[in-house]
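Here are some short exercises to work through with the structure open beside you. Try each task before reading its solution.

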2 protein chains.
Amino acid sequence: MTNRPLILVTNDDGINAHGLKALVEVARELGDLIVVAPDSPQSGQGHAITIKDPLRLKKVDIYDGIEAYECSGTPVDCVKLAKHVLLHQRAADLCVSGINHGSNASINILYSGTMSAAMEASLEGINSIGFSLLDYEWGADFDSCKPFLKELMQYVLKNGLGNCKLLNVNIPSVSSHELKGFKICRQAEARWIEKYQEGIDPRGQKYYWLTGEFTNNDKGEDTDVWALEHNYISVVPSGHDLTRYDALDALKDLEQKAGVPIS
Amino acid sequence: MTNRPLILVTNDDGINAHGLKALVEVARELGDLIVVAPDSPQSGQGHAITIKDPLRLKKVDIYDGIEAYECSGTPVDCVKLAKHVLLHQRAADLCVSGINHGSNASINILYSGTMSAAMEASLEGINSIGFSLLDYEWGADFDSCKPFLKELMQYVLKNGLGNCKLLNVNIPSVSSHELKGFKICRQAEARWIEKYQEGIDPRGQKYYWLTGEFTNNDKGEDTDVWALEHNYISVVPSGHDLTRYDALDALKDLEQKAGVPIS
């Protein structure tokens with residue numbers, strides 16, 4: 001037992017990802033860690049959970065002196081298992097997820113296992129941060145951003161996040177002297193234009209393979225995409241209440257209609 | 001070619017689910033349908049997409065005179081494939097997803113494949129409705145709610161949804177004369193208290209199997225959970241912008257801190 005903060009570390013690229021290693025290196029300076037990550041890459045898993053199958057946890061000796069586990073499930077499963085099985089309901093002081101290999105800015109937050117893991121922890125009331133570097137390469141440079149990551153984690157450990165419990169943090173892939181610091185942003189209203197690579201497999205069956213292009217028509221200068229294009233680290237305070245409060249009133253006549261007998 | 005609306009129908013319980021059949025029966029009275037659903041149950045898949053593997057589409061002859069396909073991927077994959085491969089970018093006039101076997105009220109929207117499929121269509125600008133019945137049984141009574149479903153689809157086809165494109169609709173499992181009509185709501189701030197069933201498999205390996213209990217501490221009478229408990233059909237206008245706008249200002253000092261040189 002120590003007085004150091006307890007930090008839960010996870011990701012969606014898997015227990016062996018370089019981004020996770022970088023995150024562990026920063027976080028271990030600030031607290032006691034427990035690492036629980038998928039045993040295989042789980043990109044694009046969103047907020048998926050494993051219902052139909054049993055899950056496995058395996059203790060791994062990857063980080064000297066740090067308790068680490070690989071999990072057979074999704075990123076969200078990792079967080080649930082950490083909370084309920086490994087921490088026996090004890091709440092971590094902070095959850096950090098990532099560093100993801102690739103952007104989770106804008107609507108990518110919906111598809112991202114990295115962000116869904118962090119969101120799952122935030123649902124438990126834990127201050128949570130998902131980190132993503134805009135570089136899909138396995139050997140991406142995760143060092144340049146480390147001082148910023150440390151600063152942000154320290155800030156959150158010290159100040160908390162109020163009643164917002166989740167930050168979506170994306171980092172441009174530039175050298176440390178080009179990084180301009182943090183920019184607090186809203187999520188850009190961008191989208192993916194999908195395409196499917198079509199082909200015939202060795203058994204003669206047609207297949208479709210997802211590809212696509214991220215397209216931002218949101219010209220606002222207060223968005224995460226804008227910030228990243230201008231070498232800022234984007235920080236989007238994020239939540240889990242999807243209600244469109246602005247649309248509640250317009251639908252009220254539907255209530256009245258249902259008041260009359262229907263055929 | 002007809003002048004009837006084009007309605008995309010999908011779900012997460014799979015192409016053979018009774019809830020999908022009920023939804024098709026209602027929707028076919030209102031428009032021309034294209035049905036694309038997973039070839040196996042995909043509950044809890046959230047907004048997962050298939051990146052690493054190719055996808056398959058197979059035409060199936062389930063509904064007399066209706067074009068229907070089973071897809072090897074997730075519910076979100078179904079919608080993407082429908083849009084880009086089957087409809088050749090033509091936008092449907094409406095997307096309906098479900099009827100899900102079980103509740104997707106409150107934060108269940110995050111885990112739900114049914115709602116994620118509808119949300120994916122909404123991201124494409126299509127008015128979309130996810131329907132869920134609060135009965136997990138395969139043989140649940142999907143008939144009682146049909147007149148309400150028809151009324152709501154007609155309403156949306158006629159009036160649109162403004163700039164909100166997504167409704168999360170949950171239906172209490174009661175007889176038709178007990179159903180009180182629609183209630184426009186916000187998403188309740190509830191959560192799951194998870195437990196894991198622990199056991200040893202036939203190979204001697206420990207496993208954890210997810211279970212849990214839905215717990216609502218949100219006492220508001222304007223929530224979906226409240227409406228359902230009072231025999232209303234809950235209708236939550238929903239979105240995909242997770243930004244916590246109320247938290248933007250409080251974080252601004254982080255921007256200033258990052259302006260000073262870091263060690």
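**Exercise 1.** Is Lys206(B) buried, exposed or partly exposed?

*Solution.* Bear in mind that this is a predicted model.
- Step 1: find the residue, which sits in strand 10 (residues 206–216) of chain B.
- Step 2: count the other C-beta atoms within 10 Å of Lys206(B), which gives 13.
- Step 3: compare with the cut-offs, under which 20 or more means buried and 12 or fewer means exposed. Lys206(B) is therefore partly exposed.
- Step 4: look for its contacts, leaving out residues up to four places away in sequence; Lys206(B) touches Glu198(B) and Ile200(B).

**Exercise 2.** Classify Tyr69(A) as buried or exposed, and list what it touches.

*Solution.*
- Step 1: Tyr69(A) belongs to strand 4 (residues 67–71) of chain A.
- Step 2: 22 other C-beta atoms lie within 10 Å of Tyr69(A), so this residue is buried.
- Step 3: apart from residues up to four places away in sequence, Tyr69(A) touches Val35(A), Val36(A), Leu57(A), Lys58(A), Lys59(A), Val60(A) and Leu86(A).
- Step 4: check a C-alpha distance as well. Pro38(A) is 31 residues from Tyr69(A) along the chain, and their C-alpha atoms are separated by 8.4 Å.

**Exercise 3.** Describe how helix 1 and helix 5 of chain A pack, then repeat the work for chain B.

*Solution.* Two numbers make a good start: packed helices are described by the angle between their axes and the distance between the axes.
- Step 1: in chain A, helix 1 (residues 18–27) and helix 5 (residues 146–159) have axes 9 Å apart, at an angle of about 55 degrees. Helix 1 of chain A is therefore oblique to helix 5 of chain A.
- Step 2: the handedness of this crossing is right-handed.
- Step 3: Ala22(A), Val26(A) and Ala27(A) of helix 1 meet Lys146(A), Leu149(A), Lys150(A) and Met153(A) of helix 5. By class, this contact in chain A has five nonpolar, no polar and two charged residues.
- Step 4: in chain B, the axes of helix 1 (residues 18–27) and helix 5 (residues 146–159) come within 9 Å and cross at roughly 55 degrees. Helix 1 of chain B is therefore oblique to helix 5 of chain B.
- Step 5: the crossing in chain B is right-handed. Ala22(B), Val26(B) and Ala27(B) make the contact from helix 1 of chain B, with Lys146(B), Leu149(B), Lys150(B) and Met153(B) on helix 5 of chain B.

**Exercise 4.** Work out how helix 4 of chain A is covered and how helix 2 of chain A packs on it.

*Solution.*
- Step 1: helix 4 (residues 113–123) of chain A is mostly covered, with eleven of its eleven residues buried. Among them are Met115(A), Met119(A) and Leu123(A).
- Step 2: the axes of helix 2 (residues 75–86) and helix 4 of chain A come within 7 Å and cross at roughly 25 degrees. Helix 2 of chain A is therefore roughly parallel to helix 4 of chain A.
- Step 3: the crossing of these two helices of chain A is right-handed. On the helix 2 side the contact includes Pro75(A), Cys78(A) and Val79(A), and on the helix 4 side it includes Thr114(A), Ala117(A) and Glu120(A).
- Step 4: sorted by class, the contact of helix 2 with helix 4 of chain A has six nonpolar, three polar and two charged residues.
- Step 5: go on past the helix. Gly125(A) follows helix 4 of chain A and has a positive phi, near 85 degrees.

**Exercise 5.** Which backbone details deserve a look at Gly98(B) and Ile99(B), and at Ser106(B)?

*Solution.*
- Step 1: the peptide bond joining Gly98(B) and Ile99(B) is cis, with omega about -15 degrees. Ile99(B) lies in strand 5 (residues 94–101) of chain B.
- Step 2: Ser106(B) is not a glycine, yet its phi is positive, about 55 degrees. Its place is the loop between strand 5 and helix 3 (108–111) of chain B.
- Step 3: with 28 other C-beta atoms within 10 Å, Ser106(B) is buried.

**Exercise 6.** How many residues of chain A are in contact with chain B, and of which classes are they?

*Solution.*
- Step 1: 65 residues of chain A are in contact with 66 residues of chain B.
- Step 2: the chain A side has 35 nonpolar, 18 polar and twelve charged residues.
- Step 3: helix 7 (residues 252–259) of chain A gives the largest share of that side, five residues.

Key
Residues numbered from 1 in each chain as written. Chains lettered and ligands numbered in written order. Predicted model: local features only at pLDDT ≥ 70, side-chain atom pairs only at ≥ 80, totals over all residues. Axes fitted to C-alpha atoms, helices over the stretch in contact; angles between N-to-C directions. Helix = DSSP H or I, 4+ residues; strand = E, 2+ residues; numbered from the N terminus. Parallel < 35°, antiparallel > 145°, perpendicular 65-115°, else oblique. Left-handed = near helix turned anticlockwise from the far one by under 90°. Contact = placed C-beta atoms within 7 Å. Nonpolar A, V, L, I, M, F, W, Y, C, P; charged D, E, K, R; others polar.
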